[in-house]
Amino acid sequence: YTIWNDRTRNLGVQNEDGTEGVIFLTGMNQLHMGLEFEGVYQPIDWFRFDLAWMFGNWKYTDDMEGSYRDYSNPEPTDFYYPVKDLYVGDAPQMGGTLGFTFFPAQGLTFSIITRYYANHYSQYDPFDRAADDPNDPSTYDRGQPWQIPSYFFANLHATYTVPVDWKGVGFGIFAHVLNLFDTVYISDAVDNSSYNAYRIGGDIVNPHMADAAEVFLGPPLSFNLGIQITY
């Protein structure tokens, strides 16, 4: 249970007379809470079972407001950021790992590691949520950032320690198959992308939806082999 308070930002503003100023904003508060579990169970010598699970709930807890006042101008410039109850983006808020490891012979290990991620909200800058009119709630954007579809993938790992010791030098062989089932998944995304959002007349058609996001696919099936030398 973690509270992050008073995230700050310097914001440049331009006055009507063309001069520039800076407003210092504070009060972008977040609450991060969740549960994590990790366990290992090895019922027999040649098999081990690993499990890890995480569930979180990360949100902005308050709207934020501020104002800028120039000493030569008695009228302040007000800012309002309606971010209360928006989920924090750019990281999965639920996920887990399930692993199966086999030891069929001395020095030989096979592992299948599966991973699952969900409740992953796309990346966005909360300071981009400034209301057009702080006094008009209809201009507030309280839409949640686009939620990336949950995804699952598996990796296969194998290692073998060669039973040879040559003048204190040892040898090992390893192999890894990443994304074993060649799963197509989105590993990261940007909400309301400046480059990829579907727009008509410059306006985003479906804010905070899939066709307004910029997505990054996870790596496809790949593998590598290698030899390890220890001394």
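Which residues does His-32 touch, not counting residues up to four places away in sequence? The legends below take up this point and others in a predicted model.

**Figure 1. His-32 and its surroundings in strand S2.** The residues that His-32 touches, leaving out those up to four places away in sequence, are Tyr-1, Thr-2, Trp-4, Asn-57, Trp-58 and Val-88. His-32 has a relative accessible area of 14% and is therefore buried, the cut-off for that class being under 20%. The side chain of His-32 is joined to the side chain of Gln-30 by a polar contact of 2.7 Å.

**Figure 2. Gln-30, a buried residue of strand S2.** The relative accessible area of Gln-30 is 5%, so this residue counts as buried. Its side chain takes part in a polar contact of 2.7 Å with the side chain of His-32, and in a polar contact of 3.4 Å with the side chain of Tyr-60. Leaving aside neighbours within four places in sequence, Gln-30 is in contact with Thr-2, Ile-3, Trp-4 and Arg-7. Further along the chain, the contacts of Gln-30 include Lys-59, Tyr-60, Thr-61 and Val-88.

**Figure 3. Tyr-60 and the largest nonpolar core.** This core has 15 residues, and those with the most contacts inside it are Tyr-60 and Tyr-81. Two or more residues come from each of strand S2 (20-44), strand S3 (47-60), strand S4 (64-70) and strand S5 (73-81). Strand S2 gives the most to this core, with three residues. Apart from the largest core lies another core, of five residues, among them Trp-146, Ile-148, Ile-186 and Ala-213. In soluble globular proteins, nonpolar side chains tend to be buried together. Which residues is Tyr-60 in contact with, leaving aside its neighbours within four places in sequence? They include Arg-7, Met-28, Asn-29 and Gln-30. Also in contact with Tyr-60 are Val-83, Lys-84, Asp-85, Leu-86, Tyr-87 and Val-88, together with Tyr-124 and Pro-126.

**Figure 4. Glu-36, an exposed residue of strand S2.** Is Glu-36 buried or exposed? With a relative accessible area of 73%, Glu-36 is exposed, because that class begins at values over 50%. Glu-36 touches Trp-53 and Met-54, when residues up to four places away in sequence are not counted. The C-alpha atoms of Glu-36 and Gly-143 are 28 Å apart in space, and the two residues are 107 residues apart in sequence.

**Figure 5. The lining of the largest pocket.** The volume of the largest pocket is about 420 Å³. The pocket is lined by 20 residues, and the closest to its centre are Asp-128, Arg-129, Asp-141, Asn-192 and His-208. Sorted by class, the lining has eight charged, six polar and six nonpolar residues.

**Figure 6. Asn-179 and Leu-180 in the loop between strands S10 and S11.** This loop lies between strand S10 (169-178) and strand S11 (186-190). Asn-179 is buried, at 3% relative accessibility, whereas Leu-180 is partly exposed, at 26%. The phi angle of Asn-179 is near 55 degrees, a positive value in a residue other than glycine. Leu-180 touches Ala-154, Leu-156 and Leu-221, not counting residues up to four places away in sequence. From C-alpha to C-alpha, Leu-180 and Phe-153 are 7.2 Å apart in space, with 27 residues as their separation in sequence.

**Figure 7. Lys-167 in the loop between strands S9 and S10.** The loop follows strand S9 (151-166). Lys-167 is not a glycine, although its phi is positive, at about 55 degrees. At 74% relative accessibility, Lys-167 counts as exposed.

**Figure 8. Asp-203 in strand S13.** Strand S13 is made up of residues 203-204. Asp-203 has a relative accessible area of 54% and is therefore exposed, the cut-off for that class being over 50%. How many Å separate the C-alpha atoms of Asp-203 and Gln-30? The separation is 29 Å, for two residues that are 173 residues apart along the chain.

Conventions
Residues are numbered from 1 along each chain as its sequence is written. This is a predicted model: local features need pLDDT of at least 70, side-chain atom pairs count only at pLDDT 80 or more; totals for chains, interfaces and linings use all residues. Side-chain values use heavy atoms; hydrogens and water are left out. A nonpolar core is a set of buried Ala, Val, Leu, Ile, Met, Phe, Trp, Tyr and Cys residues joined through side-chain atoms within 4.5 Å. Buried means under 20% relative accessible area, exposed over 50%, partly exposed in between (1.4 Å probe, protein chains only). Helices (H or I, at least four residues) and strands (E, at least two) are DSSP runs, numbered from the N terminus. Contact means heavy atoms within 4.5 Å. On a 1 Å grid over the protein atoms alone, a cavity is a set of points where a 1.4 Å probe fits but cannot get out, and a pocket is an open set with protein on both sides within 12 Å along at least five of seven lines; lining residues have an atom within 4 Å of a point. Grid points are joined across faces, edges and corners, and a volume is the space filled by probe spheres set on the points. Ala, Val, Leu, Ile, Met, Phe, Trp, Tyr, Cys and Pro count as nonpolar, Asp, Glu, Lys and Arg as charged, and the others, Gly among them, as polar. A polar contact is a pair of N or O atoms within 3.5 Å; within protein, one must be able to donate a hydrogen and the other to accept it, and residues adjacent in sequence count only if both atoms are side-chain atoms.
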